[in-house]
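Me: I have a structure open and would like to understand the labels people put on its residues and strands. Could you walk me through the reasoning behind them?

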Amino acid sequence: MDIELYIDSVYCGFYPIEVIKDYTIEYYLKARSLCADANTDDIVIYAIFSYEPKTQRFFSANFMTLTVPYDRYVQLCSKISKNNRIFFARKN
């Protein structure tokens, strides 16, 4: 089953999981690169996946490179649906 793909919250269509995996790697690498210049309390959000809770099947993926302070990330996590997962990178 194909997954809805968004880039910076712009709808791009439905794609197979292999394409989503490629984007996940690409955006993870972009996020890691941005972490080199980030403040120590910043994180870089690179993906938000939405899934169906009963089947655990992913149905959408939104890729971005959004640098935010960690406390802002915590606020976002408290407001986001429990059916979403946020992927991020952080400076070591």
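Me: Why is N62 called buried?
Reply: Happy to help, and please keep in mind that this is a predicted model. N62 has a relative accessible area of 13%. Buried means under 20%, so N62 is buried.

Me: What makes N62 and S9 a polar contact?
Reply: Their side chains are joined at 3.0 Å. The cut-off for such a pair of N or O atoms is within 3.5 Å, so N62 and S9 qualify.

Me: Where is N62, and which residues does N62 touch?
Reply: N62 sits in strand β4. Setting aside neighbours within four places in sequence, N62 is in contact with Y6, I7, D8, S9, Y46, A47 and I48.

Me: How do you know that β1 and β4 pair?
Reply: Pairing takes at least two bridges. Strand β1 (residues 3-7) and strand β4 (residues 58-69) have four, in the parallel sense. One place to look is I7, whose bridge partner in β4 is F63.

Me: And what makes β3 and β4 a pair?
Reply: Nine bridges join them, against the required at least two, so they pair, and they run antiparallel. Among the residues involved, I43 has V68 as its bridge partner in β4. The hairpin of β3 and β4 has six residues between the strands, and Q56 takes a positive phi near 65° there.

Me: Is Y51 buried or exposed, and how do you know?
Reply: Y51 has a relative accessible area of 8%. With buried set at under 20%, the conclusion is that Y51 is buried. Y51 lies in strand β3 (residues 42-51).

Me: What makes Y51 and R85 a polar contact?
Reply: Their side chains are joined at 2.8 Å, and the limit is within 3.5 Å, so the label fits. R85 is also among the residues Y51 touches, not counting those up to four places away in sequence; the others are Q56, R57, F58, F59, K82, N83 and N84. As for K82, 31 residues from Y51 along the chain, the C-alpha atoms of the two are separated by 9.3 Å.

Me: Last one: why is L29 called exposed?
Reply: L29, found in helix α1 (residues 17-35), has a relative accessible area of 52%. Exposed means over 50%, so L29 is exposed. Together with I25 and Y28, L29 makes a nonpolar surface patch of about 300 Å².

Definitions and conventions. Residues are numbered from 1 along each chain as its sequence is written. This is a predicted model: local features need pLDDT of at least 70, side-chain atom pairs count only at pLDDT 80 or more; totals for chains, interfaces and linings use all residues. Side-chain values use heavy atoms; hydrogens and water are left out. Buried means under 20% relative accessible area, exposed over 50%, partly exposed in between (1.4 Å probe, protein chains only). Contact means heavy atoms within 4.5 Å. A polar contact is a pair of N or O atoms within 3.5 Å; within protein, one must be able to donate a hydrogen and the other to accept it, and residues adjacent in sequence count only if both atoms are side-chain atoms. Patches are made of residues with over 30% relative accessible area and no salt bridge: like charges are joined within 9 Å, nonpolar side chains (Val, Leu, Ile, Met, Phe, Trp, Tyr) within 5 Å. Accessible areas come from the Shrake-Rupley method with a 1.4 Å probe; for residues, only the protein chains shown count as cover. A salt bridge is a side-chain nitrogen of Lys or Arg within 4 Å of a carboxyl oxygen of Asp or Glu.
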